[in-house]
Amino acid sequence: MSTVAPVPPAVVENPRTPHELAATVRAFAARRELWEPLVRFTRPERWYRRLAVGTDHEVWLLTWLPGQGTEIHDHGGASGAFGVVRGELTERAFALPGAEAPRPPRLRGLTPPAVRAFGPRHVHQVTNPGPEPAVSIHAYAPALATMSYYADTGDGALRLVRTDGVDD
Ligand SMILES: [Fe+2]
């Protein structure tokens, strides 16, 4: 989808690091007028919309009905940050694919104003455990081009399932 909003002022012009991306997410989260009117909830596919795009980053609005979630995925080498602005999300963060000593995924419950930032090799699964619908804001640098999806073969060891291009 096309750009619908300029990057809010007081945000790093071209966020690159996880810390800068977290600042971008917080700035959008605080500007509710930029995203609240856009919120929709859909089933079976989750609803999402790109809020902004810069020269080397982008910001997305995602919604999650209870029980909706992602597969286990990476971000194709992009760094990112996401913040929960309504409801609750659960993140399972995995060890790197191919790790010699896989560990069970780390589980975090995230409620507003929690923001999670991550580097280019982060692998996770995000789910709305319910009972309320959830809304989140995500920033990536560079813009997402591909995402790889994984299966948990036990105790957090990952097997690559497929790599998809990301359409906008
Ligand atoms: Fe993700």
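These are my notebook entries on a predicted model, covering its iron site, a sheet, a pocket and one loop residue.

**Iron site**

I began with the metal. Which residues coordinate the iron ion? I found His73, His75 and His124, each through NE2, at 2.1 Å. I then wrote down the spacing of the donor residues in sequence, which is H-x1-H-x48-H. The pair His73 and His124 links distant parts of the chain. His73 sits in strand β3 (residues 72–73), His124 in strand β8, and 51 residues separate them.

Are His73 and His124 buried or exposed? I looked up His73 and got a relative accessible area of 5%. For His124 the value is 3%. The cut-off for buried is under 20%, so His73 counts as buried, and so does His124.

**The open sheet**

Next I traced a sheet. It is open, has 5 strands and runs in the order β1-β2-β9-β4-β7. The pairing is antiparallel. Which strands stand at the edges? They are β1 (48–53) and β7 (115–118). Each has a single partner strand, so one side of each lacks a neighbour in the sheet. I also noted the twist: neighbouring strands are turned by 20 degrees against each other on average, direction ignored.

**Strand β2 and its partners**

I stayed with β2. On one side β2 pairs with β1 in the antiparallel sense, over 5 bridges. I checked the connection as well: β1 and β2 form a hairpin, with 4 residues between them. Two facing positions went into my list. Val53 is opposite Glu58 in β2. Arg50 is opposite Trp60 in β2.

Then I turned to β9. β2 and β9 pair over 7 bridges, again in the antiparallel sense. Here Trp64 stands opposite Ala134 in β9.

How many residues of β2 are buried? I got 7 of the 7, so β2 is largely enclosed by the rest of the structure. In a regular strand, side chains alternate between the two faces of the sheet. I sorted β2 by direction. Glu58, Trp60, Leu62 and Trp64 point one way. Val59, Leu61 and Thr63 point the other way. All of them are buried.

**The largest pocket**

I looked up the largest pocket next. Its volume is about 670 Å³. Its lining holds 25 residues. Which of them lie nearest the centre? I have Arg46, Tyr48, Leu62, Met147 and Tyr149. Leu62 was already in my notes as a buried residue of β2.

I also asked which elements give two or more residues to the lining. They are β2 (58–64), β8 (123–127), β9 (134–141), β10 (146–152) and β11 (158–165). β8 was familiar, as it holds the iron donor His124. By class, the lining residues divide into 11 nonpolar, 8 polar and 6 charged.

**Arg103**

My last entry is a loop residue. Where is Arg103? I placed Arg103 in the loop between β5 (89–94) and β6 (106–110). Its relative accessibility is 24%, so Arg103 counts as partly exposed. I then took the C-alpha to C-alpha distance from Arg103 to Gly154, which is 9.2 Å. In sequence Arg103 and Gly154 are 51 residues apart.

Terms used: Residues are numbered from 1 along each chain as its sequence is written. This is a predicted model: local features need pLDDT of at least 70, side-chain atom pairs count only at pLDDT 80 or more; totals for chains, interfaces and linings use all residues. Side-chain values use heavy atoms; hydrogens and water are left out. On a 1 Å grid over the protein atoms alone, a cavity is a set of points where a 1.4 Å probe fits but cannot get out, and a pocket is an open set with protein on both sides within 12 Å along at least five of seven lines; lining residues have an atom within 4 Å of a point. Grid points are joined across faces, edges and corners, and a volume is the space filled by probe spheres set on the points. Ala, Val, Leu, Ile, Met, Phe, Trp, Tyr, Cys and Pro count as nonpolar, Asp, Glu, Lys and Arg as charged, and the others, Gly among them, as polar. Donors are N, O and S atoms within 2.8 Å of the metal (3.2 Å for Na, K and Ca); water is not among the atoms, so sites may look incomplete. Buried means under 20% relative accessible area, exposed over 50%, partly exposed in between (1.4 Å probe, protein chains only). Two strands pair if DSSP finds at least two bridges between them. Axes are lines fitted to C-alpha atoms, for helices over the stretch in contact, and angles run from 0 to 180 degrees between N-to-C directions.
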